[in-house]
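Got the viewer open? Load the model, switch on cartoon and sticks, and follow along stop by stop.

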Amino acid sequence: MVGFNDDVSLDIEEIYNGGKEHHVKTCHGSVSVVVYGDQEKPALITYPDVALNYMSCFQGLFLCPEAVSLLLHNFCIYHISPPGHEVGAAPVCSNDPSPSVEDLADQILEVLNFFSLEAVMCMGITAGAYILSLFAIKHKERVLGLILISPLCKAPSWSEWFYYKVVSNLLYYYGMSGLLKDIFLQRYFSKEARGSSEVPERDVVHECRRLLGERHGSCLMRFLEAVNRRHDLTDGLKSLKCRTLIFVGDQSPFHSETLHMVTALDRKYSALVEVQACGSMVTEEQPHAMLIPMEFFFMGFGLYRPGRVSDSPRSPLSPSCISPELLSPESLGLKLKPIKTRVPTKC
């Protein structure tokens, strides 16, 4: 695998498509975990949003050439899928009880124990970010740091609860219809990415729409219902001391909730990166905007050696985009300042 100072000349897709899937039996059912990389390296676990898995939630980030150096070279990646969300998942029996968010967080502990992992880095999107935050609150000693994208942290409002209750009922009666695909895509992507009658939707949205069609409504309904019964994590977040890096698109439906979460966390250990012209799923819509903030974040753990910051067209962020305070050694990964960035180019 190439290092940070090496030229990225390998077939990135070939590297990323070489993962091995494991089915881990837990007290709350079997969990699919796809592992990429050398298991002797530090572990980074991921957890997707509702109706997604790692293929539709994190592939854009992990296929960026710079991410090979930043992530695959420095970590072993463990992609955890919610029950029934893995590629090729079979429909579940309607009589099976739906897991709670507590059950899903407990599954993560069992996954870590299965692979003999101690403290891990965590990366989650929206509902997945909530599950990982809950896990971090319950098992502080098992979490090195959190990278959260458009996270949830509060209990659903009445309007949100009712809205997704209707979505759940539609899933039950009609499965993943065209209407429901549009509803989920509004949750994930900005209006610009979704296109209009005059402008076609972007390729990443088109691919996500296709992958949504492969999901079974019964599986999605269980995860959606669990997230719709979630409780408020605000008080628990105040006790977290692990370093936390939060990304949110300024067009995310969960932008205000993300800002609330930032105020609940200890500012000494957390930072917010707002990405303009982007929806919730920054990993797919603007993955390049995540790279340099994560580089500095990882330096604070000693997990990533400093190196040159590429000024190539594929790495549109530059040191001038970063607050000077970020570059001091005592601040790396610890006293990160809020960053706002608009990145017009793609990987």
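## Stop 1: T244 and its strand

Start by selecting T244, which sits in strand β7. Before going on, know that this is a predicted model, in which local features need pLDDT of at least 70, side-chain atom pairs count only at pLDDT 80 or more, and totals for chains, interfaces and linings use all residues. Residues are numbered from 1 along each chain as its sequence is written, and side-chain values use heavy atoms, with hydrogens and water left out.

Strands such as this one are DSSP runs of E with at least two residues, helices are runs of H or I with at least four residues, and both are numbered from the N terminus. T244 has 1% relative accessibility, so it counts as buried; buried means under 20% relative accessible area, exposed over 50%, and partly exposed in between, with a 1.4 Å probe and protein chains only.

Which residues does T244 touch, leaving aside its neighbours within four places in sequence? Select L146, L148, L265, Y269, S270, A271 and F297. Contact here means heavy atoms within 4.5 Å. Add L144 too: T244 and L144 are 100 residues apart in sequence, yet 9.3 Å apart C-alpha to C-alpha.

## Stop 2: α13

Now pick α13 (255–264). Its buried residues are H255, E257, T258, M261 and A264. Colour what they pack against: α6 (127–138), α12 (234–237), and the strands β6 (143–149), β7 (243–249) and β8 (270–275).

From β8, move along to A277, in the loop between β8 and α14 (282–285). A277 has a positive phi of about 55° although it is not a glycine. With a relative accessible area of 18%, A277 is buried.

## Stop 3: the second largest pocket

Next, show S157, E160, Y164, P253 and F254, which lie nearest the centre of the second largest pocket. That pocket is lined by 15 residues, and α7 (158–174), α8 (178–188) and α13 each give two or more of them. Its volume is about 300 Å³.

How were such spaces found? On a 1 Å grid over the protein atoms alone, a pocket is an open set of points with protein on both sides within 12 Å along at least five of seven lines; a cavity is a set where a 1.4 Å probe fits but cannot get out; and lining residues have an atom within 4 Å of a point. Grid points are joined across faces, edges and corners, and a volume is the space filled by probe spheres set on the points.

The pocket lining divides into seven nonpolar, three polar and five charged residues. Ala, Val, Leu, Ile, Met, Phe, Trp, Tyr, Cys and Pro count as nonpolar, Asp, Glu, Lys and Arg as charged, and the others, Gly among them, as polar.

## Stop 4: the largest cavity

Keep E160 and Y164 selected, and add V50, R187, L224, V227, N228 and R230: together these line the largest cavity. About 40 Å³ of space lies inside. Which element gives the largest share of the lining? That is α11, with three residues; α7 and α11 (217–228) each supply at least two. By class, the cavity lining has four nonpolar, one polar and three charged residues.

## Stop 5: α7 against α8

Show α7 and α8 as a pair. Their axes come within 10 Å and cross at roughly 145°. The axes are lines fitted to C-alpha atoms over the stretch in contact, and angles run from 0 to 180 degrees between N-to-C directions. On the α7 side the contact is made by Y163, Y164, V167, L170 and L171, and on the α8 side by L179, L180, I183, F184 and R187. Nine of these residues are nonpolar, none polar and one charged.

## Stop 6: I77 and α4

Finally, select I77 in strand β4 (residues 76–80). I77 counts as buried, at 0% relative accessibility. Its contacts, leaving aside neighbours within four places in sequence, are V34, V35, Y36, L44, T46, F62, L71 and L72. The C-alpha atoms of I77 and L44 are separated by 5.0 Å, with their positions 33 residues apart along the chain.

L71 and L72 lead you to α4, where P65, E66, A67, V68, S69 and L70 are buried along with them. Eight of the eight residues of helix α4 (residues 65–72) are buried, so this helix is largely enclosed by the rest of the structure.
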